[in-house]
Amino acid sequence: MKKLLIFVFIVLFVAGCSSTENESTNNGNNLSSISTTQLSENDGKSGNKCFVAISGKVYEIKGSNKWIDGNHMESEGLASCGKDLTDVMNDSPHGISILTTSPKVTLVGQLSN
Ligand code: HEM
């Protein structure tokens, strides 16, 4: 009887630990929330960082000579820092693959209002 109680206790303990782990790992991937105001402040001008939003995620673009003073030189005025560029990205030659293939792009958070 005593052994059975110890066994039940261990099973409950292990189940409790794994459910806590699931809650923390599923918690929005721990991305920080970035407001539309914070997004627009990071406009890539005057030494500001360059943030862009694509499909609710916010990315930083850093160290690219194709993004000068907040403007993406190849996009002819369509893409600039501090903005939601989801629609522009859909019309770009490289598409969203650039977000994962370019070492100059880093995921920094998710867009909130
Ligand atoms: C119509 C809009 C756009 C056009 C015409 C355009 C065009 C281009 C071209 C021709 C290149 C260089 C070739 C290449 O790396 O594939 C490039 C690079 C790049 N583009 Fe775009 N793009 C557009 C929109 C965007 C958007 C919305 C983003 C947002 C993240 C973006 C991010 C980048 C990055 C990070 C690079 C690589 C920069 C580097 O390696 O220095 N582009 N783009």
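**Group meeting: the chain, its core and its ligand shell**

Let me open with the contacts in this chain: among those between residues at least 6 apart in sequence, 62% join residues at least 24 apart, where two residues are in contact if their C-beta atoms, placed from the backbone, lie within 7 Å. Please keep in mind that this is a predicted model, in which local features need pLDDT of at least 70 and side-chain atom pairs count only at pLDDT 80 or more, while totals for chains, interfaces and linings use all residues. Residues are numbered from 1 along each chain as its sequence is written.

The chain has four helices and seven strands, and from the N terminus on its elements run α-β-α-β-β-β-β-β-α-α-β; helices (H or I, at least four residues) and strands (E, at least two) are DSSP runs, numbered from the N terminus.

Next, burial. Of the 113 residues in the chain, 17% are buried, and a residue is called buried if 20 or more other C-beta atoms lie within 10 Å of its own, exposed if 12 or fewer, and partly exposed in between, again with C-beta atoms placed from the backbone. The largest nonpolar core, meaning a set of buried Ala, Val, Leu, Ile, Met, Phe, Trp, Tyr and Cys residues joined through C-beta atoms within 7 Å, has 15 residues, and Phe51, Val52 and Ala53 are those with the most contacts inside it. E2 and E3 are the elements that give two or more residues to this core, and E2 gives the most, with four. Val52 itself touches Tyr59, Ile61, Cys81, Lys83 and Leu85, if we leave out residues up to four places away in sequence.

Leu85 also brings us to the ligand, since it is one of the residues that come nearest among the 22 around the ligand, together with Ser64, Glu74, Ser75 and Ser92; a residue is near a molecule if its C-beta atom, placed from the backbone, lies within 6 Å of it. Strand E3 (57-61) and helix H3 (86-90) each supply at least two residues of this shell.

Finally, the backbone. Most residues other than glycine have a negative phi. Ser55, in the loop between strand E2 (51-54) and E3, has a positive phi near 50°, and Asp69, in the loop between strand E4 (67-68) and strand E5 (71-72), has a positive phi of about 50°. Are these two residues buried or exposed? Ser55 counts as partly exposed because it has 13 C-beta neighbours inside 10 Å, and Asp69 is partly exposed, with 13 other C-beta atoms within 10 Å.
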